[in-house]
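User: Please take a close look at a single part of this structure, the place where the two chains meet, and set it within its surroundings for a reader who is new to the model.

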Amino acid sequence: MSEFLSGEDVSIVLCGEAGQGIQTVEAILVQAVKLGGYNVFSSKEYMSRVRGGENSTQIRVSSKRINAYVDRIDILIAISKGAINHLKERISENTIIIGDEETLKDVVRPDVIKIPFLKIAKSIGGPIYANIIAAGALSRVLNIDKEIFDECITAMFLRKGEKILKGDLEAGAEGYKIGDDLLKSGKFKIEIQKDPEIRNELLLNGIDVFGYGCLAGGVKFMSSYPMTPTTSLQVFIARHSKDFDIIFEQAEDEIAAINMGLGASYAGARALTATSGSGFALMTEAVGLSGMIETPIVIYIGQRPGPAVGLPTRTAQEDLNLVLYSGPGETPRAIFAPGNFEDAFYMTQRAFNIADKYQIPVFILSDQYMADIYYNIPYLMTKEVKIENFESIVKTDEKYRRFEIIEDGISPRGIPGFGDGLVVVDSDEHDEEGHITEDLNLRTKMVEKRLKKLEGIKKDVVPPELIGPLDYKILVIGWGSTYGPIKEALDKLKSNEIAFLYFKQVYPLYENTLNYLENAQKTIIFENNANSQFGNLIKLETGFEVHKKALKYNGMPFSVEEVMERLKNIWEEL
Amino acid sequence: MDPEIFDVEGADVAWCPGCGDFPILRTLKAALAELEIDQKKLVLASGIGQAGKLPHYLKSHTYNSLHGRALSPAAAIKAVNRELTVIVTSGDGDMYGEGGNHLMHTIRRNPDITGIVHNNMVYGLTKGQASPTSQLEMKTPLQVEGVSLEPFNPLAVAIALDASFVARTFAGDVEHMKEVFKEAIKHKGFALVDVFQPCPTFNKTNTYRWFKDNTYKLEDSHNVYDRNESFKRAIETEKYPLGIFYKNENRLTFEETLSVYSEESSPLFERKTDISKVKDLIELKRSVQ
């Protein structure tokens, strides 16, 4: 018997071809698990194709809060023939593999439990029910009440009509019978502690949290071009556009997308665009425009491996340099990289306010992994935190000059049609009124005015969060979505010598970063890229060379195990 | 209204003496004055090139954008504040070359804005290279053997895309130009106006004289609602017709398709997000979805 199955934490992986309905099973199970009183986390990896291939989803079920990917597989539901081979490196002697007897008829291994899912499904009405039967079996094995499972099925399939719903409920019941048999066989003994409080918690998805952050940040205009993994944010905003007074427009390309956003922002609507590396490469000229005409915009980037098209559906942290140095000329900016849901929400909302306050482009630099994960949390918006959006727009008078040079560099921001002044902006160097100029002395002043804003932006930097003991010997550095695996690895190692410095804003770099680094005997940085882009930024800004670099760039996130392994090694070297 | 209201005091105009941009600027001011357009509600957007500088010489709100990109922000400006009159001034390089994709899709999107293209069939600001509308065999420092690419036909393309207003006028005929500008600005939907504009510095072929000799006015009897006939007239090259070629008044504008205006007409900057609605939305995630 797998030791994990009697523990507090089970990792279930569903694997099958694109189009075989894994996402449906995932959607049902994550809900059922949460309603059953367990903590749940899910993460997916998939191929860039609509049919075929091998895609997998991990669902973790735990008595503790979890928000990270693990390599370990306790139960594998092999929906396709190729699933076992696809995941062979993660299957251990403790993995229990469950699959359909017909699909897996050529697979000869003692650890495979074959069940006639398809046969039963056909007797109910068709092969489409096979996944629901499997979900039901899992739900039973996890000791989730059948009423809860039925509640999930009903919520999901009610809109598909009574006949389909009836079939799915029947399929679920068949699954529960299979689950009973599996339990009787003694191969499973899952004793995860339930907490009834969890039933009422929020079950959230990464991209939705960014979406809530955008809504809370007062977004009023979004134009984008579909691109994995950020299309889902576009879908979110489009879906909520009517209720929240937002214009969503699918642009003809990324260039139009960001330029429309800047036009909307110039006319007073908080603007957003979302893309990934290649798409953002097309937007970079307009990043310079945003800086030059001092017109705010928020750019959400879901990173994926490059260069060029790279691995379109997988995860990476390879575009920090691109974002940091994007656009011609020199212009201030801010880059947020939240690593958990609370930060994703508040940093996104903050991004809109920082963009408005300093009239600059602001980036939310995330990735595919973060976009696609689900987990439960007690609340996202707490009562204590009052959300207020910064009001930057002023009513103009006849003497209004858009780029008036003032102390902090932040000229009052007028918009056309509000007041008696005229709002003139120009991508060329311009005078205070906004008209084109080649007065070189004025040029110098304008550069200084724009860069002056960086001082304010620095004062507003969100400091990194130090997690762990204050008198650490080893300092782990991470940014963005590596938060989950690093945090869990540290929790598991229970060391009083290792702390984690988690950056949720990577630029400008927090000014006291060096103090944290110098207090450690050893520093190690985890990044999903091959060059340690953030490590290099730290060196550039502080002169400090991070000692060890744990870099992963195969398109998968760090797993908890990998982080633990790396940390154990460095710990032993002390 | 006096057109002088649109004059910019002390503007340092960067155009060459004799440039066709001067009559276009003057005529646009006259057209705006005759239409009584409130300059506080007027946004001129432009890209890069000599034509892109026009907004600096016409007192209004101005969004002088990147090369080729003026249509995108112009459509968005109009979308978030329908009270504004939005006019794009662009050149043949800016609109038909660098911005070609945006032209195509802006025609499809049909925002209620006007696009005026100063078409001098040559690159001015970069000093004399071929533009998308340069005529075959024209020699330039880059097209040393003469232009070999077929000239771009903006009117035919626009009519093919069922643009809602397509016209051509000539900088040497101020009255005609003014009437076309007025009709274009009044038109509800995207109006494309191609303006034949002599460039005395870099285009020695397509001079005022040449345009006079090689153009004629569309007859009053031309049916602007007949798309096939309009297309036929747009592909004439023996002599180039001037006037309003085509109109489609049945198309919805981009703004008319936006749900933000289905119940409320105020510009978006006046609308604030109700945070409690965001909270309610999040709270839904406590129950089964």
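Analyst: The account below begins with chain A as a whole, moves through its sheet and helices, and ends at the contact with chain B.

The model is predicted, and local features are taken only where pLDDT is at least 70. Chain A has 18 helices and 21 strands. A compact globule of 574 residues would have a radius of gyration near 25 Å, and the 26 Å found for chain A agrees with this. Along the principal axes, the C-alpha atoms of chain A fill a box of roughly 85 × 60 × 45 Å. Of the 574 residues in chain A, 57% are buried. Among contacts in chain A with a separation of 6 or more, 75% join residues 24 or more positions apart.

One element of this fold is an open sheet of eight strands in chain A, with mixed pairing and the order S6-S5-S4-S1-S3-S2-S14-S7. Strand S6 (112-115) and S7 of chain A stand at the edges with a single partner strand each, so one side of each has no neighbour in the sheet. From one strand to the next, the twist averages 20°. Inside the sheet, strand S2 (residues 39-45) and strand S3 (residues 52-62) of chain A are antiparallel and pair over seven bridges. In this pairing Val40(A) stands opposite Val61(A) of S3(A). H1(A) lies across strand S1 (9-18), S2, S3, S7 and strand S14 (374-377) of chain A, and runs at about 0° to S3(A).

A further helix of chain A is H4 (residues 130-141), whose twelve residues should span 16 Å at 1.5 Å a residue; the end C-alpha atoms are 17 Å apart, which agrees. H4(A) is mostly covered, as twelve of its twelve residues are buried. Among these buried residues are Asn131(A), Ser139(A) and Arg140(A), together with Ile132(A), Ile133(A) and Leu138(A). Asn143(A) follows H4(A) and has a positive phi, near 65°.

The contact between the chains takes 56 residues from chain A and 45 residues from chain B. On the side of chain A that touches chain B, helix H1 (22-35), helix H5 (146-157), strand S7 (202-205), helix H7 (206-216), helix H9 (254-266), helix H10 (277-292) and strand S15 (424-426) each supply at least two residues. H9(A) gives the most to this side, with eight residues. By residue class, the side of chain A that touches chain B divides into 34 nonpolar, eleven polar and eleven charged residues. H1(A), which lies across strands including S3(A), is thus met again among the elements that supply this side.

Strands also link the two chains. S15(A) is joined by three bridges to strand S2 (residues 61-64) of chain B, and the two run parallel. Here Val425(A) stands opposite Tyr63(B) in S2(B).

Seen from chain B, one residue to examine is Ile275(B), placed in helix H9 (residues 275-283) of that chain. Ile275(B) counts as partly exposed because it has 17 C-beta neighbours inside 10 Å. Apart from its neighbours within four places in sequence, Ile275(B) is in contact with Ala216(A) and Ile387(A). Helix H7 (206-216) of chain A is one of the elements that supply at least two residues to the side touching chain B. Within chain B, Ile275(B) and Glu175(B) are 100 residues apart in sequence, and their C-alpha atoms are 54 Å apart in space.

Methods
Residues numbered from 1 in each chain as written. Chains lettered and ligands numbered in written order. Predicted model: local features only at pLDDT ≥ 70, side-chain atom pairs only at ≥ 80, totals over all residues. Helix = DSSP H or I, 4+ residues; strand = E, 2+ residues; numbered from the N terminus. Buried ≥ 20, exposed ≤ 12 C-beta atoms within 10 Å, placed from the backbone. Contact = placed C-beta atoms within 7 Å. Expected span 1.5 Å × (residues − 1). Nonpolar A, V, L, I, M, F, W, Y, C, P; charged D, E, K, R; others polar. Pairing = 2+ DSSP bridges. Rg over C-alpha atoms; globule rule 2.2 N^0.38 Å. Axes fitted to C-alpha atoms, helices over the stretch in contact; angles between N-to-C directions.
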